Amino acid sequence: MSAQQNLNLENYWLPFTPNKKFKANPRLLVSAKGMHYKTDDGREILDGISGLWCCNAGHCHPKIVSAVQHQVGELDYATAFNMSHPKAFELAEKIADLTPDGLDRIFFGNSGSEAVETALKVALAYHASKGDGQKTKFIGREKGYHGVNFGGVSVGGLTPNRKSFGPLLPGIDHMPHTWSPENMAFSKGQPEWGLHLAEDLEKILVLQDPSTVAAVIIEPVTGSGGVIVPPVGYLERIREICTKHDVLLIFDEVITAFGRLGDSFAANRFNVRPDIITMAKGLTSAVIPMSAVAFDTTIHDQLMKGPEAMIELFHGYTYSGHPVACAAGIATLDVYQEEGLFDKAKELEPIFEEALHSLKGLNQVIDIRNIGLMGAVQFGPGKLPAAEFAANVFQHCYDNDVLVRYSGEFLVLSPSLISSKEHIHQISDALRNAIEANS
Ligand SMILES: Cc1ncc(COP(=O)(O)O)c(C=O)c1O
């Protein structure tokens, strides 16, 4: 008997979900192991999206589960203000070992959204502490997603996420996104076209007056906005422009960190060093919610210049560096290292790329984008509007035991780093069948 027969569906309000449609035909997951979920009606579903770009080590990894079980019985909680516990320091050190050199001061939060707010606030505090209190503006990018809190929504560039929530923060501008199907459709990895789009940042900074701008925040690869891969040379140019104008560069790596691009961070893969990196998701393989922000030592040290007894930063969360999350984070980073999962993702990248691009030519498929283990299939109008087509393809895949994600007019894929070649092919076969069945 399926769990839904006894379930009251009234009270729970699902996030980012058409609730009425969902409740008419609920999709319920009841357990998970490795690459698979089990549904309430007893089916095994292949997880093609690592939960939500987050279960990078697969589901219920025994080492992470055991670390959490042990920790919760030993030290359930320790206040983060004026007190701490050893595992917070241990995890911060492990993260600093993976970040680019010098980005080694680590602040903990609970979600990607909180990491973004932390990064933005520290950027302001840093400039103010240097006597540059007029540097208060932020530049984001169209199609950017930086979580759902007011700072993140303000610098974000997804229209539906902004609409209805104004007024947002003042003093914010946006660069254009870099997706141009006419010039880069079906690019594999980084498109050759589009470097010149970085020059828009120079123009925006000049227009805004760079002496009033605190930071630029971008996802090195746009994730939720549709896996938009940076053109060759683009991130390097953004870095140069930020440096020239004394504007901090924040990489929002909530999706791209911890192996998603076959390296610890996108900053390392692209060899572009930002001043601040936000991270979450893969930090604990999503077993326990946790986020972190890595700051350049100079930013941290600037804020440490006051008297010893003074609180340097009036910011933090009740659950910053929560012991159970720290235990999960330590175990997860150990698993990545012991099982060589970042390298495994790198090896899988060409297989994933080929599988995804084998869908080129199918009905309504107007673009396919990929890098590392993240990819998107973009639909155009046909017999059905693109968004309806994408929703149907998602449902067909789910009915045939493969979980993908649809968002507007595209599908995204982000299989976990423990995927096999066979898993990747099962995902692309399911997509092919679903597209053909709905054509
Ligand atoms: C780049 C980026 N930043 C921030 C967030 C927000 O993270 P959370 O949902 O944990 O608040 C996300 C979530 O997908 C994200 O992709």
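**From the ligand shell to a sheet and a helix pair**

In this predicted model, 14 residues surround the ligand. The closest are S111, G112, S113, G147 and V254. Which helix gives the most to this shell? Helix α5, residues 112–129, does so, with three residues. By class, the shell holds seven polar, five nonpolar and two charged residues.

Now turn to the sheet. Strands of a sheet pair through backbone hydrogen bonds, either parallel or antiparallel. Here four strands form an open sheet, and the pairing is antiparallel. Their order is β11-β12-β15-β14. β11 (365–371) and β14 (405–407) stand at the edges. Each has a single partner strand, so one side of each is left without a neighbour in the sheet. From one strand to the next, the twist averages 20°.

Look at the pairing of β11 with β12. Strand β12 spans residues 374–379, and six bridges join β11 to this strand. One of the bridge partners is easy to locate: V365 is matched by F379 in β12.

A helix lies across this sheet. Helix α14, residues 341–357, crosses over β11, β12 and β15 (410–413). α14 runs at about 175° to β11.

Finally, consider a helix pair. Two packed helices are described by the angle between their axes and the distance between the axes. For helix α4 (residues 86–98) and helix α13 (residues 323–338), the axes come within 9 Å and cross at roughly 35°. The crossing is left-handed. From α4, the contact takes K87, A88, E90, L91 and K94. From α13, P323, C326, A327, G329, I330 and L333 meet them. The residues of this contact divide into seven nonpolar, one polar and three charged.

Terms used:
Residues numbered from 1 in each chain as written. Predicted model: local features only at pLDDT ≥ 70, side-chain atom pairs only at ≥ 80, totals over all residues. Pairing = 2+ DSSP bridges. Helix = DSSP H or I, 4+ residues; strand = E, 2+ residues; numbered from the N terminus. Axes fitted to C-alpha atoms, helices over the stretch in contact; angles between N-to-C directions. Contact = placed C-beta atoms within 7 Å. Near = placed C-beta within 6 Å. Nonpolar A, V, L, I, M, F, W, Y, C, P; charged D, E, K, R; others polar. Left-handed = near helix turned anticlockwise from the far one by under 90°.
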